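I wanted a first set of notes on this chain, written for someone who has not looked at it before. I kept to what could be looked up directly and wrote each entry as I went.

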Amino acid sequence: MDFNKERFKREYIKKVETQTARDYKQATDWERYFALGTTLKDRIVDKWIESTEKRIRTQGKQVYYFSMEFLTGRFLVNNLYNIGLYEAVKEALVELGIDLGAIAEIEKDPGLGNGGLGRLAAGFLDSLASKGYHGHGMGIRYNYGLFEQKIVNGYQVEYPDRWLSARNVWEIRREDDKLQVKFRGRIETYEEEGRLKFRHYGYDTVAAVPYDTPIIGYDNQVINTLRLFSSESLTTEFDYSKFSQGEYHSAFEKKHEAEAISQVLYPNDTYYEGKLLRLKQEYFLVSAGVQDIIREFKRGGGAIKKIHTAVAIHINDTHPALCVPEFIRILLDEEGLEWDEAVALTREVMSYTNHTILREALETWPLEMIRDQIPRIAMIIEELDVRIQAELKEKKNPLDETEKQAVLVIREGRISMANLLIHLCHSINGVAKIHTEILKTKELKEFYKLYPHKFNNKTNGISHRRWLIHSNPRLTRTIDEAIGEDWKRDPLLLEGLLRFREDQGFLDRLEAIKLDNKRLLARYIKDHNGITVNPHSIFDVQAKRLHEYKRQTMNIFHIMALYNQLLDSPGLEITPRTFIFGAKAAPGYHVAKQTIKLIHSLAEKINSDQRIRGRIKVVFLENYGVSLAQKIIPAADVSEQISTASKEASGTGNMKFMMNGALTVGTMDGANVEIREAVGEKNIYIFGTSAGEVYDLREKNSYRALEYYESQPDLKRVVDQLTNGFFPHTTGEFDVIQKSILHYNDEFLVLKDFEAYRQAQARLSEDYLDAQAWLGKSLVNIARSGIFSSDYTIDEYARNIWGLGDDGHE
């Protein structure tokens, strides 16, 4: 993008002063940030319009990616990098006495996601644009994110994530494009010209107002769109008549009911009202999105029976599964297609990514709730179920009677969203090789027998632009100097770094960069936690959503055992360690929240104990999200990826840490398997029970946690310390964790894998002492990480699932 520094400075000063009505030197950092954002958006808009008009002219096929989450991270720096103006703008601002880094920190992370699912979706949008594909996101514009995590006396406390409190500079409201989404009411069936028709009446209507955010491709003039729908009342702001009569609450009832749908990401669904709101969110998204897609297709003059040649709809996990019956509804009721035509087109258009391994964890909804809230959708799902049952009975297939029951859409009054998707989508993909094999041979084996051609693997990927180029600029510059800059477009070229594996000068630069990144994080920890950590210690990081299967508990047990060892042998020499955690626990997940309390109790005990002379420290960084991850990941030496084998679909944190030179300690689970294939067994620390062994233990019911507890004195000591007064002033606090391990037979095999984990930790501690060898391992991880760029993953989706050929590519 063309750039004239002096003109930019004049434009920027004018923007600040126009927006604030004061001299730009007196503006606050937020005012400077907002002015920079609007100045940049002004430059982007022309290219955005041009990119949109080019798609219309070429009539290229487009993919619409439906996801309940888009964990985008901040946009300012990302956008500056992608249009090639980061350094130029930084220099111009310096001349105005403004620090770009300081004002970039003002931007709030959009509260549009929770974890890997949302980050994957955001990374895919980045890659779609950067690879020149016509691809857009469809989501909900949540007024509040999941929650803002605060730690109070060691406990997680949830506060509203007010990410929109100071306006979002990047979005554009599309008032004229708002749509109507209908809930409740009744369906009347009638016949017209020999055709059965359906009339929906007595319904409640919610307005879906689109907000568009530009998604800018890297250095290629392509700008796609993330379209987020806000739920609003269709009618007046409130019932003035009721208000005038003193009925203040009921006067605003309809308005508040409509707005509640897009208020909060993932309302607590442990009670009925929360479940109901989740269902409304899911239907609101898919109804608004599908209506919008069909409207845009018809505006372009497309014939509805040809929609599959111009549109692909991708469903990210089961939350947007109602895309299927909603698409069928519109084709039947509004476009006048026959049933078989509508279903055939749906199969052509729809594809589904599975992120959930265990069948029992897949999303289901009570049929009665669907009937009550979205009655026409319920009718379509029931008709689909009847016809699927008939096909299973009438047509030859490889399933026995028990297997036929397993693939039904409706069972025992509940609708299986995954089953619905597998029957009605043309592609079902897993997100790591081992995950896809588990789906095919274990969890969805009946479906694989029925539709083997539908199943495929697309291993997750990450945006190397955000997670290396933006997050680790010094490492990026060093790579550029070593192998040139072509790797930014083709990350496989990072393998060129392997020729420096024995180059002491290059390894020294890697070591210096890592140490500087650790010092920056150490400063952040001191400022935010008041804890002094040693940047020369091993920074051992487990930063991810808190869940029992991710086994933060096993990490904690290892730290406790190491602490006990130091107390028992005061002269013991160990490699100094800083154990860093970052995690949010779902508000209703008691065991996970108590695990956060346990981490803080352990940190308080260890960090204040002078006897261990600071050889180990424990740190919990609150409110983990994308921007905090960009500070943590470049500083990590060790990446904890220790989920119970067969439980993690893929993971993407493992890839981000690897790309920044951290070594993985992990199980053969998710993408760890493919990381091991890429780097070799000497450059990763693999331990623990395999996925096959986990299934064998479960099927034979042969695991006995108490046997491990009673046979390993160090482990027994740690488990006992949860409740024996080892942690002061915590009586009863950690009973629930101990019970999950001992009374409920340790579902996630923490005790079984503990000794193998401990040995893996001992190996890496010893290896770290050989700085040359460790840096060589780190270099291999960086060099081999290119295969996990989401650019390559997107190419696979585009070619093999969505059918985006030259007509869907710029």
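The entries below go through sheets, helices and a few single residues.

**Entry 1: the model**

I began by noting that this is a predicted model.

**Entry 2: the six-stranded sheet**

I looked up the order of the strands and found an open sheet of six, arranged E20-E19-E18-E21-E22-E23 with parallel pairing. Strand E20 (616-620) and strand E23 (685-686) stand at the edges, and because each has a single partner strand, one side of each is left without a neighbour in the sheet. I then noted what packs on this sheet: helix H23 (residues 590-607) touches E19 and E20, and its direction makes about 145° with that of E20.

**Entry 3: strand E18 and its partners**

I turned next to strand E18 (residues 538-543) and asked how many of its residues are buried. The strand is mostly covered, with six of its six residues buried. As a reminder to myself, side chains in a regular strand alternate between the two faces of the sheet. In E18, Ile538, Asp540 and Gln542 point one way, while Phe539, Val541 and Ala543 point the other way, and all are buried.

I followed the pairing outwards from here. E18 pairs with strand E19 (residues 577-582) in the parallel sense over six bridges, and valine 541 has isoleucine 580 in E19 as its bridge partner. E18 is also joined to strand E21 (residues 638-641) by two bridges, again running parallel, with valine 638 in E21 as the bridge partner of aspartate 540. One step further along, E21 pairs in the parallel sense with strand E22 (residues 663-666) over four bridges, and there glutamate 640 is matched with valine 665 in E22. I also recorded that E18, H22 and E19 together make a right-handed β-α-β unit.

**Entry 4: helix H29**

Which residues of helix H29 (residues 713-721) are buried? I listed Leu715, Val718, Val719, Asp720 and Gln721. These buried residues pack against four helices, namely H22 (552-568), H28 (705-711), H30 (735-742) and H31 (750-768).

**Entry 5: the three-stranded sheet**

I found another open sheet, this one of three strands in the order E13-E15-E14 with antiparallel pairing. Strand E13 (364-366) and strand E14 (410-411) are at its edges, each with a single partner strand, so one side of each has no neighbour in the sheet. Three bridges join E13 to strand E15 (residues 414-416), the two running antiparallel, and I noted that proline 366 has arginine 414 in E15 as its bridge partner. Helix H16 (residues 417-424) lies across E13 and E15 and runs at about 45° to E15.

**Entry 6: two helices that cross**

I checked how helix H12 (residues 339-349) sits against helix H14 (residues 375-394), and their axes come within 13 Å and cross at roughly 90°. H12 and H14 are therefore roughly perpendicular to each other. At the contact, Trp339, Asp340 and Val343 in H12 meet Ile380, Glu383, Leu384 and Arg387 in H14. Sorted by class, this contact of H12 with H14 has four nonpolar, no polar and three charged residues.

**Entry 7: two positive phi values**

Before looking at these I reminded myself that most residues other than glycine have a negative phi. Glutamine 221 has a phi near 70°, a positive value in a residue other than glycine, and is found in the loop between strand E9 (204-216) and strand E10 (223-233). Tyrosine 266 also has a positive phi, of about 50°, although it is not a glycine, and its place is in the loop between helix H9 (253-260) and helix H10 (272-299).

Is each of these two buried or partly exposed? With a relative accessible area of 40%, glutamine 221 is partly exposed, whereas tyrosine 266, with 16%, is buried.

**Entry 8: threonine 532**

My last entry concerns threonine 532, which is found in the loop between helix H21 (504-529) and E18. Threonine 532 is partly exposed, with a relative accessible area of 47%. Leaving aside its neighbours within four places in sequence, threonine 532 is in contact with Lys526 and Lys617. I also looked up its separation from glutamine 26: the two are 506 residues apart in sequence and 35 Å apart in space, C-alpha to C-alpha.

Methods: Residues numbered from 1 in each chain as written. Predicted model: local features only at pLDDT ≥ 70, side-chain atom pairs only at ≥ 80, totals over all residues. Heavy atoms only, no water. Pairing = 2+ DSSP bridges. Contact = heavy atoms within 4.5 Å. Axes fitted to C-alpha atoms, helices over the stretch in contact; angles between N-to-C directions. Parallel < 35°, antiparallel > 145°, perpendicular 65-115°, else oblique. Nonpolar A, V, L, I, M, F, W, Y, C, P; charged D, E, K, R; others polar. Buried < 20%, exposed > 50% of the residue type's maximum accessible area, 1.4 Å probe, protein only. Right-handed = clockwise from strand over helix to strand, strands pointing away.
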